[in-house]
Amino acid sequence: MTPNFDMLRLKVSSDPAELLRRRGIQLTAQRLAVMRAVAAEPHITADAVADAVRDGIGAISLQSVYDTLTLLVAEGLIRRIQPSGSAARFEDRVGDNHHHLICRVCGRVVDVNCAVGAAPCLEAADNRGYEIDEAEVAYWGRCPDCRKQRTHRPPTKRSRHT
Ligand SMILES: [Zn+2]
Ligand SMILES: [Zn+2]
């Protein structure tokens, strides 16, 4: 059984091969290439992973990329985020409950640490009886580059969900 501290480990600098081995996942060229692609570009899309893997080891189907990403997410080696209106993104910074800043204009995604301290957002004001193990917070706005380019334009009105 995996000790608990292992799950809480922040991004590790270990070799992807070592990480796979430690999880008891069979080493394949595809899995290694996918791990490396995600490590090289945080918040990468599956399409971009496929491109990177093809550059590295040759042909791979998009379905194989999806299957590999799904396996690695299930094993806790990478994290999947799904900003609304965007393709899923993958990153190898796992276990720290960090959040994301997402630009509405260009879609750029950057990491932002949990609000204060370890993970206070896990302490919901009212948990309604749920056992909470993850808080996914996305801060939406415009990144610095897009702000520079669009300063003359008023921000888009938010759609109401009433
Ligand atoms: Zn932007
Ligand atoms: Zn991130």
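Mentor: Before we start, a salt bridge here is a side-chain nitrogen of Lys or Arg within 4 Å of a carboxyl oxygen of Asp or Glu. Keep in mind that this is a predicted model.

Trainee: Okay, by this rule, how many salt bridges does the count come to?

Mentor: Side chains of opposite charge can pair when their charged atoms come close. One such pair is aspartate 145 with lysine 148, at 3.8 Å from N to O. By the rule above, the count comes to 8 salt bridges.

Trainee: And how are the elements of the protein ordered from the N terminus on?

Mentor: There are 6 helices and 6 strands to place. Starting at the N terminus, they run α-α-α-β-α-α-β-β-β-β-β-α.

Trainee: Which residues coordinate the zinc ion (ligand 2)?

Mentor: The donor residues follow the spacing H-x47-E-x6-H-x1-H-x10-D along the sequence. Histidine 98 sits in the loop between strand S3 (89–91) and strand S4 (99–103) while aspartate 111 is in strand S5, so this pair ties together parts that are 13 residues apart in sequence. At 1.8 to 2.2 Å from the zinc ion, the donors are His43 (NE2), Glu91 (OE), His98 (NE2), His100 (NE2) and Asp111 (OD).

Trainee: Is histidine 98 buried or exposed?

Mentor: The cut-off for buried is under 20% relative accessible area. Histidine 98 has 0% relative accessibility, so this residue counts as buried.

Trainee: Which residue forms a salt bridge with glutamate 91?

Mentor: Glutamate 91 is buried, at 1% relative accessible area. Its partner is in strand S2 (residues 79–81) and glutamate 91 itself in strand S3, so the pair ties together parts that are 12 residues apart in sequence. That partner is also buried, at 11% relative accessibility. With the closest N and O atoms 3.8 Å apart, the residue you want is arginine 79.

Trainee: What about aspartate 111: which residue forms a salt bridge with it?

Mentor: Aspartate 111 counts as partly exposed at 27% relative accessibility. The partner lies in the loop between S3 and S4, so the pair ties together parts that are 18 residues apart in sequence. The closest N and O atoms are 3.3 Å apart, and the partner is arginine 93.

Trainee: Over to the helices. Within what arc do the buried residues of H4 fall?

Mentor: Helix H4 (residues 46–57) has 12 residues, which should span 16 Å, and its end C-alpha atoms are indeed 16 Å apart. Its buried residues include Ala46, Val49, Ala50 and Val53. They line one face of the helix, because seen down the axis they fall within an arc of 100°.

Trainee: Which residues are exposed on the other side of H5?

Mentor: Helix H5 (residues 62–74) reaches 18 Å from its first C-alpha to its last. Its buried residues are Val65, Thr68, Leu69 and Leu72. Those cover an arc of only 100° around the axis, which puts them on the same side of H5. On the other side, the exposed ones are Thr70 and Ala74.

Trainee: Last one: which residues make the nonpolar surface patch of about 230 Å²?

Mentor: Start in strand S5 (residues 109–112), where you find valine 110. Valine 110 counts as partly exposed because its relative accessibility is 35%. The patch is made by Leu101, Val110 and Tyr139.

Technical notes
Residues numbered from 1 in each chain as written. Chains lettered and ligands numbered in written order. Predicted model: local features only at pLDDT ≥ 70, side-chain atom pairs only at ≥ 80, totals over all residues. Heavy atoms only, no water. Patch = residues over 30% accessible without salt bridge, like charges linked within 9 Å, V, L, I, M, F, W, Y side chains within 5 Å. Areas by Shrake-Rupley, 256 points an atom, 1.4 Å probe, with all protein chains shown as cover. Helix = DSSP H or I, 4+ residues; strand = E, 2+ residues; numbered from the N terminus. Buried < 20%, exposed > 50% of the residue type's maximum accessible area, 1.4 Å probe, protein only. Donors = N, O, S within 2.8 Å, 3.2 Å for Na, K, Ca; no water. Expected span 1.5 Å × (residues − 1). Arc of directions from axis to C-beta.
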